[in-house]
Every structure is written in structure tokens, then in C-alpha cells.
Amino acid sequence: MNRYSSFIILLIGVLLPALAQGQVKSPLTRAQIDSIVNPKPLPNGDSYLKVETKSINFGTLNDTDSPVECTFKIESATNQELRVTQVKTTCGCTVAEFDTTTLVKGDKGSITLTYSPKGYKGDISVKGYIYTNISSKQPTAVVELTGHVKSSDQWSHLPYKMGALRVKNKRVTFEPIGKGMSPTMTILCANSGTTPIEIRGSGLPEFATLKCVPTILQPNSEGELLITINGAALPANESCHQFSFKIEGVDAQPIERTIKVTIEK
């Protein structure tokens, strides 16, 4: 699940109850959406609930690592009875655990945010909005998890697999090509295997050629697939040219090693 999906799920989870109760009318403005997804904490929240450390950096994780737990220590700062009612996180990658025991002034407790790096990479910032019986509309305090997730796959920038061959994309589109033109489109590729690969193309029309640079792709190295169109050989009676061809020299199913090409007219 990506961050955008997590944002949508969070937004739906917040909006549906509000819509059912008639508290929110659609459509919402950007400011209204932001106030729901990033609610402002109580201005005097610290006078009710103290958080020892409001931000924890979990360091650097691989996207295949196990979930990491980060615990925030809290303390009641009010003479009123205080109880944590819920903790909302800004990402589906993070789950909150907390004790709902009623606290009196000086009593201490904890809130644990468990972050799962699977499916995420890059710099991470996840907030946890802590709600108490003091207010159901505004969080009493806000905590944050930060860190960085790196991909365990060195070829993650080449998402498509054709056996040991990794490629940046499997579709290319040429702009209109005149008779005197011979444009080339490039697809970044890499050999993620342990033996050299000599790449060829099959099923190419007579007006198209495929070349791999370098000709033989050594293990653990990158290269380029060059698709060139001979404008002089293009049929003139078609409004749009589309064709597919297959990459040969790799151990993969035909559908996995198929490249689709479109030439706009």
C-alpha cells in the first residue's frame, strides 16, 4: 500500500462517521480536508497530558525488515481523571497500542507505535494523534515517528522483470515520425543474474530495430535497449502504428518479455 492509499483510507475512516451524523457536508474544501487529516491539538494539551519525547527516529530500515516498536512515555498533568480514548495514525503502515486505564495527576503510562516498513521506501514521517476524554474533537497531544526505509532490491528503479533482465518500462511511445526521420527510444535495463545476457528482439516489423548497449550485458551491470524506427519504411495509410515484440536471450514467459510500441501519427 502506498502513502496516497493510506491517506485515502484514513480520510474515509474519518469522514464516513461524520457524514453519517451530518457533521460534514460534501464537497469539502482543501482546508477542511487538512483539518480532518491533520487536526490541530488542544492549545493547552500539555496541561492535561505530558509526553516525555514527542518525536522518535527509528533510524534506517530495509523494506524487508520486521516491524519496529517505538514507545512514547506519557504522564497525567491534570487534577481531572484522564484517559486515552484513541490514537489515530496518518499511515496504514503504523499501528497504535495504548492502555485505556484512567490516570490521575502524576500517573504514568505509555503509547506504542509499531511501524511496518514493507512496501515503503524513502524518508518516513508518521504522526500519531492522541485523543483523551478531555476532547473527542481535538487531540490532546501529537507524537511523530521519523526514519528512512531503503529498498533491499538494488534494481528497484527497474521494476519489470524478464528473468534476470530488469527493465525500466515495457511500453514506449514515439511522437509523429516523418519520412526522413529515424528516432530512437531508450529503455534502461540491467542484468541482475550471475551469467552474461546477449539480448535480441523477435517479432519486430521491418521498420523497427532493437539494439542493446552493450551488446552483451554482464552480471550486475546496467545497459540500454535502443528501439529505432525508420520513418522512410513506415506505412503511410495508418493513423497510428502499434506493435509488440519479444525480448530473446532471457529465461521468462513470453508475456513477461514483451515490449509494446506506439507511434503517434
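Colleague: Is lysine 54 buried, partly exposed or exposed?
Modeller: This is a predicted model, and here lysine 54 has a relative accessible area of 36%. Buried means under 20% and exposed over 50%, so lysine 54 counts as partly exposed.

Colleague: Which residue forms a salt bridge with lysine 54?
Modeller: The closest N and O atoms of this pair are 3.2 Å apart, and a salt bridge needs them within 4 Å. The partner is itself partly exposed, with a relative accessible area of 44%. That partner is aspartate 46.

Colleague: How many salt bridges does a search of the whole structure find?
Modeller: One of them joins aspartate 46 and lysine 54. Arginine 257 also forms one with glutamate 248, with the closest N and O atoms 3.2 Å apart. The search of the whole structure finds two.

Colleague: Does arginine 257 count as buried or exposed?
Modeller: Its partner, glutamate 248, is partly exposed at 23% relative accessibility. Arginine 257 has 12% relative accessibility. Because the cut-off for buried is under 20%, arginine 257 counts as buried.

Colleague: Which strands stand at the edges of the open sheet?
Modeller: Happily, the strand order helps here. Four strands form the sheet in the order S1-S3-S6-S5, with antiparallel pairing. An edge strand has a single partner, so one side of it is left without a neighbour in the sheet; this holds for S1 (49-51) and S5 (94-98).

Colleague: Which residue in S6 stands opposite glutamate 97?
Modeller: S5 and S6 (residues 108-115) pair in the antiparallel sense over five bridges. In S6, the residue opposite glutamate 97 is threonine 112.

How values were computed:
Residues numbered from 1 in each chain as written. Predicted model: local features only at pLDDT ≥ 70, side-chain atom pairs only at ≥ 80, totals over all residues. Heavy atoms only, no water. Salt bridge = Lys/Arg side-chain N within 4 Å of Asp/Glu carboxyl O. Buried < 20%, exposed > 50% of the residue type's maximum accessible area, 1.4 Å probe, protein only. Pairing = 2+ DSSP bridges. Helix = DSSP H or I, 4+ residues; strand = E, 2+ residues; numbered from the N terminus.
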